[in-house]
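Let's take a friendly walk through a protein model, one region at a time. Keep the structure open beside you and look up each residue as it comes.

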There are 2 protein chains.
Amino acid sequence: MAVWSERLAGVRGVLLDISGVLYDFGPGGGTPIPGSVEAVARLKRSHLKVRFCTNESQKSRGELVRLLRRLGFDISEDEVTSPAPATCQVLKERGLRPHLLIHEGLRSEFDEIDMSNPNCVVIADAGEGFSYQNMNKAFQVLMELENPVLISLGKGRYYKETSGLMLDVGPYMKALEYACGVEAEVVGKPSPEFFSAALRAIGVEAHQAIMIGDDIVGDVGGAQRCGMRALQVRTGKFRSVPGWAHLP
Amino acid sequence: MAVWSERLAGVRGVLLDISGVLYDFGPGGGTPIPGSVEAVARLKRSHLKVRFCTNESQKSRGELVRLLRRLGFDISEDEVTSPAPATCQVLKERGLRPHLLIHEGLRSEFDEIDMSNPNCVVIADAGEGFSYQNMNKAFQVLMELENPVLISLGKGRYYKETSGLMLDVGPYMKALEYACGVEAEVVGKPSPEFFSAALRAIGVEAHQAIMIGDDIVGDVGGAQRCGMRALQVRTGKFRSVPGWAHLP
């Protein structure tokens with residue numbers, strides 16, 4: 001414990017990844033990872049500020065929070081930083097009208113966005129929506145633009161459902177990058193802007209915060225590059241023993 | 001013409017790409033590119049050796065040749081170098097048992113290959129077969145291998161059908177590379193082994209040969225790196241004037 005109290009010295013805020021850390025998605029909505037409901041409750045009783053920082057992009061923030069509350073988590077919508085609202089802000093600021101390659105569950109997040117005559121493509125974890133036809137349509141939209149803009153909600157390689165590992169948005173982002181000769185703009189972890197937004201929401205500086213996640217690139221690497229500490233749990237993508245025992 | 005006769009000095013053999021050079025694939029099988037039937041006939045009447053060198057991997061070599069003959073081309077199966085037979089040779093030599101992510105039309109090429117208990121993934125232009133489910137299955141097979149081997153039949157970004165540009169195998173190869181952290185082995189253009197096999201078949205050295213294609217990377221760049229000359233037509237991916245006027 002001595003080691004941990006040193007490592008956590010000065011920490012005032014905790015950013016928590018959701019998928020693979022709090023729960024694994026699966027039939028009936030998913031399963032909480034053992035110990036995680038209690039760990040979140042303990043964190044919220046502590047002196048630490050808590051923010052949920054997720055790349056979830058199959059469902060809207062509202063739907064995600066309803067699911068997590070049903071699983072027993074103490075969480076509300078305004079405690080969550082997720083890529084879709086951040087993307088909508090980018091689209092509005094830059095006058096971008098997206099062609100969406102996303103999961104139906106996320107579509108409501110874009111209700112207020114002008115999608116006529118698209119001048120960019122927004123890609124998110126579309127699951128079964130990543131059909132050849134849908135990918136080809138996104139490709140054709142990009143190829144017809146003079147300055148193709150591709151925005152990706154996260155760039156994860158894969159995630160774990162209860163049934164096994166599943167391809168995330170990253171591989172499909174790479175496919176469109178290669179096909180069109182463009183580089184995607186990533187909204188979500190590990191983008192520094194995204195971590196900064198999560199920290200601003202709880203009024204904590206990077207050096208006072210720790211990110212807890214299961215993704216060595218998106219969570220741990222991204223947070224460290226922003227000056228935060230990071231802790232990688234051994235759940236989710238890790239398929240081994242739960243890592244929650246290390247929490248303060 | 002003086003320039004062309006200089007550029008072609010010493011040429012004894014011609015490698016011809018097929019899709020986008022001889023024809024565009026589309027409804028009813030496709031459409032010959034204007035002038036191409038006559039150009040092939042002239043080449044074959046000339047002193048030049050002719051070899052068809054294609055990355056076509058939606059259909060078997062037999063089916064491709066039947067289609068081209070129906071469109072009026074003078075071509076036979078033993079004049080064609082294509083990736084599937086070359087891949088079968090690699091699989092046999094290395095004791096590899098593939099999980100196939102390919103178009104149904106190509107499956108017969110692998111009739112004699114052992115596919116039990118796969119220890120590699122072979123990916124080719126699967127068209128609509130690039131569903132999320134099929135991609136995820138290939139991903140899972142690779143992730144379960146200790147030494148994941150991914151073989152890709154070509155790595156083209158896209159090709160042209162009469163209806164428009166279509167994603168080729170390359171983007172999907174990149175997706176699996178990123179998801180699994182592997183590098184694919186490419187069988188087909190622009191791999192030097194593939195060009196060499198085509199040249200051996202007509203007994204012509206690289207410096208005596210010219211490659212004619214519509215792909216600046218797969219055809220032109222690949223051939224030049226092998227010491228061949230290359231000519232890029234403005235048909236197929238180029239969507240402008242036919243380039244056949246420059247043939248000798």
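## A helix in chain B

In this predicted model, a side-chain oxygen of B:Asp215 reaches to within 2.8 Å of the backbone nitrogen of B:Val217, at the start of H8(B). The helix itself covers residues 216-225 of chain B, and B:Ile216 is found in it. Setting aside residues up to four places away in sequence, B:Ile216 touches B:Gly221 and B:Gln232. You can also look from B:Ile216 to B:Lys237: these residues are 21 apart along the chain, and their C-alpha atoms are separated by 9.7 Å.

Which residues of H8(B) are buried? They are B:Gly218, B:Asp219, B:Val220, B:Gly221, B:Gly222 and B:Ala223. The cover over these buried residues includes helix H7 (192-202), strand E12 (209-213) and strand E13 (229-232) of chain B. Just after H8(B), B:Gly227 takes a positive phi of about 90°.

## Salt bridges

How many salt bridges does a search of the whole structure find? Over all chains there are 18. One of them involves B:Asp219, whose side chain meets that of B:Lys189 at 2.8 Å, N to O. This pair links distant parts of the chain, 30 residues apart: B:Lys189 sits in the loop between E11 and H7 of chain B, and B:Asp219 in helix H8 of chain B. Is B:Lys189 buried or exposed? B:Lys189 is buried, because its relative accessible area is 3%, under the 20% cut-off. B:Asp219 counts as buried too, at 2%. In chain A, A:Asp17, A:Lys189 and A:Asp219 are linked in a network of salt bridges.

Another salt bridge joins B:Arg94 and B:Glu185, with the closest N and O atoms 2.7 Å apart. B:Arg94 lies in helix H4 (residues 83-94) and B:Glu185 in strand E11 (residues 185-187) of chain B, so this pair ties together parts that are 91 residues apart in sequence. B:Arg94 counts as partly exposed at 42% relative accessibility, and B:Glu185 is partly exposed at 29%. Over in chain A, the side chains of A:Arg107 and A:Glu104 meet at 3.2 Å, N to O, in a salt bridge. Here A:Arg107 is partly exposed, at 30% relative accessibility, while A:Glu104 counts as exposed, at 57%.

## A buried threonine

Now find A:Thr54, in the loop between strand E4 (49-53) and helix H3 (61-70) of chain A. A:Thr54 counts as buried because its relative accessibility is 1%. A polar atom of its side chain lies 2.8 Å from the backbone nitrogen of A:Glu56.

What is A:Thr54 in contact with, leaving aside its neighbours within four places in sequence? Its contacts are A:Asp17, A:Ile18, A:Leu64, A:Val80, A:Thr81, A:Ser82, A:Pro83, A:Lys189 and A:Phe194. Two of these names, A:Asp17 and A:Lys189, may be familiar from the salt-bridge network with A:Asp219.

## Cysteines without partners

A disulfide is a covalent bond between the sulfur atoms of two cysteines. How many disulfides does a search of the whole structure find? The search finds 0 over all chains. For A:Cys53, the nearest cysteine sulfur is that of A:Cys226, 9.5 Å away. A pair must lie within 2.5 Å to count as a disulfide, so A:Cys53 is in none. A:Cys53 is also buried, with a relative accessible area of 0%.

A:Cys180 is in no disulfide either: its nearest cysteine sulfur, that of A:Cys120, is 13 Å away. A:Cys180 is buried, with a relative accessible area of 11%.

## Where the two chains meet

The size of an interface is often given as the accessible area lost when the parts come together. Chain A and chain B bury about 2,600 Å² between them, with 65% of it on carbon and sulfur atoms. A:Tyr132, A:Leu167 and A:Tyr178 supply 33% of the area that chain A buries against chain B, more than any other three residues. The contact takes 28 residues from chain A and 28 residues from chain B.

Which kinds of link cross this interface? The rule finds 0 salt bridges between chain A and chain B, but there are 14 residue pairs in polar contact. On the side of chain A that touches chain B, the elements giving two or more residues are helix H5 (132-143), strand E9 (158-161), strand E10 (164-167) and helix H6 (169-180). The largest share, 8 residues, comes from H6(A). By class, this side of chain A has 16 nonpolar, 8 polar and 4 charged residues.

Terms used:
Residues numbered from 1 in each chain as written. Chains lettered and ligands numbered in written order. Predicted model: local features only at pLDDT ≥ 70, side-chain atom pairs only at ≥ 80, totals over all residues. Heavy atoms only, no water. Contact = heavy atoms within 4.5 Å. Buried area = accessible area lost by both parts, 1.4 Å probe. Salt bridge = Lys/Arg side-chain N within 4 Å of Asp/Glu carboxyl O. Polar contact = N/O pair within 3.5 Å; in protein donor to acceptor, adjacent residues only side chain to side chain. Helix = DSSP H or I, 4+ residues; strand = E, 2+ residues; numbered from the N terminus. Nonpolar A, V, L, I, M, F, W, Y, C, P; charged D, E, K, R; others polar. Buried < 20%, exposed > 50% of the residue type's maximum accessible area, 1.4 Å probe, protein only.
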